[in-house]
Amino acid sequence: MEGEFEFHVPGVDKVCKTWYKVFGDLSTTTPSRRPLVALHGGPGMIHNYLSPLVDLVDTYSIPVILYDQLGNGKSTHLPEKAGDTSFWTEELFLRELEGLLAHLGIQNNFDLYGHSWGGMLGSRFAISHPPGLKRLILANTPASMVLWVEAAQRLRSNLPPDVQAILKKHEDAGTTDSKEYIDATYVFYARHACRLNPMPVEMLESVHSMETDPTVYLTMNGPSEFYITGSIKTWSVLDDLHKIEVPTLLLNGRYDEAQDSVVWPFFLGIPKVKWFTFANSSHTPHLEERELAIKLMGNFLT
């Protein structure tokens, strides 16, 4: 089932729409087979690269809901809001999530999967104790963007010297939109975002979409995964992790930009938590070690 729901956003003189797609049958939901809502990363990516999660439908009879967050993919784009940090906020996307849950009528019984930025949203949402949330998966996500940047800088220091020089040159000059800079970032991404070669089509589609309309990514994040200049650069849930009461599964990869140092606070702070690190993955184990990822998530959710 594919659809849209209207999302009324203060400061926008038109009705915005959020696109979603439901895989599986929501009417078959049971206490042990709840719909899983997936929050994509970015901020500014789209749902496509999370499509392997749909394997949960056939293998574990878990309905899966994918959607494009406002400003991205098949949802309403707002390029006129580029650079407006008072508009593109965490609160905006949390209200959108609440609207989606209500629209689908699943707000009283659901699970949540958040990848990267989506995990940041998911952890904040869980902290607010939504009554219908039963289980939470935080995949490849940081508890603090300060910790994220620290880890990214360590990984960046291991790049070839010529690549590091190109990155620094353009960051210092403010020319991070140049092809040379973008090409250099892909050296990092091939090591720490997705190590599959060739890169899966779903991942390429998601990256291309973000590059076509970088409004959300540039405003909230910045030019790259390791040069964070946007509004989330000081984001943190470190002081509130004890408030996450639902059983939580943490996932990251050995080569992940979400290094152990950024995941560790979740493990320390969340009372009911399990943590698994994929030995052969970076930031997208659901693509890089798909079968194992689905097995781990399916067993946890059921």
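**Exercise 1. In which sense do S1 and strand S2 (residues 16-23) pair, and over how many bridges?**

Solution. Start with the pairing itself: S1 and S2 run in the antiparallel sense and are joined over six bridges. Two strands count as paired if DSSP finds at least two bridges between them. Strands (E, at least two residues) and helices (H or I, at least four) are DSSP runs, numbered from the N terminus. For one position in the ladder, look at Glu-2, which stands opposite Lys-21 in S2.

Next, follow the side chains along strand S1 (residues 2-7), which alternate. Gly-3, Phe-5 and Phe-7 point to one face and are buried, while Glu-2, Glu-4 and Glu-6 point to the other and are not. Buried means under 20% relative accessible area, exposed over 50%, and partly exposed in between (1.4 Å probe, protein chains only).

A word on the input: this is a predicted model, where local features need pLDDT of at least 70 and side-chain atom pairs count only at pLDDT 80 or more, while totals for chains, interfaces and linings use all residues. Residues are numbered from 1 along each chain as its sequence is written, and side-chain values use heavy atoms, with hydrogens and water left out.

**Exercise 2. Which residue of S6 is the bridge partner of Leu-112? Place Leu-112 in its core as well.**

Solution. Begin with the strands: strand S5 (residues 110-115) and S6 pair in the parallel sense over six bridges. Within S6, Leu-136 is the bridge partner of Leu-112. Strand S6 (residues 133-139) is mostly covered, with five of its seven residues buried.

Now list contacts (heavy atoms within 4.5 Å). Leaving out residues up to four places away in sequence, Leu-112 touches ten positions' worth of chain, among them Leu-36, Val-37, Leu-97, Phe-125 and Leu-136. Finally, turn to the core: the largest nonpolar core has 54 residues, and Leu-112 is one of those with the most contacts inside it, along with Val-37, Leu-70, Trp-88 and Phe-93. A nonpolar core is a set of buried Ala, Val, Leu, Ile, Met, Phe, Trp, Tyr and Cys residues joined through side-chain atoms within 4.5 Å. Helix H2 (residues 90-104) gives the most to this core, with seven residues. Apart from it lies another core, of 41 residues, including Tyr-49, Leu-56, Tyr-60 and Leu-301.

**Exercise 3. How many cavities of 30 Å³ or more does a search of the whole structure find? Describe their linings.**

Solution. The search gives two. On a 1 Å grid over the protein atoms alone, a cavity is a set of points where a 1.4 Å probe fits but cannot get out; a pocket is an open set with protein on both sides within 12 Å along at least five of seven lines, and lining residues have an atom within 4 Å of a point. Grid points are joined across faces, edges and corners, and a volume is the space filled by probe spheres set on the points.

Take the largest cavity, with about 70 Å³ of space. Its lining includes Gly-42, Pro-43, Ser-116, Trp-117 and Glu-225. By class, this lining has eight nonpolar, three polar and one charged residues. Here Ala, Val, Leu, Ile, Met, Phe, Trp, Tyr, Cys and Pro count as nonpolar, Asp, Glu, Lys and Arg as charged, and the others, Gly among them, as polar.

Some of these lining residues have backbone features to check. The peptide bond from Gly-42 to Pro-43 is cis, with omega near -5 degrees. Ser-116 is not a glycine, yet has a positive phi of about 55 degrees; Ser-116 sits in the loop between S5 and H3.

Move on to the second largest cavity, of about 40 Å³. Among its lining residues are Tyr-113, Asn-140, Phe-278 and His-286. This lining divides into seven nonpolar, two polar and no charged residues. Asn-140 has a positive phi of about 55 degrees although it is not a glycine, and lies in the loop between S6 and H4.

**Exercise 4. Which element gives the largest share of the lining of the largest pocket?**

Solution. First the volume: the largest pocket has about 610 Å³. Of the 27 residues that line it, Tyr-189, Met-210, Glu-211, Tyr-217 and Pro-223 are the closest to its centre. The largest share, five residues, comes from H6. By class, the lining has 15 nonpolar, eight polar and four charged residues.

**Exercise 5. Is His-192 buried or exposed?**

Solution. His-192 lies in helix H6. At 8% relative accessibility, His-192 counts as buried. Its contacts, not counting residues up to four places away in sequence, include Leu-155, Tyr-255, Asp-256 and His-283.
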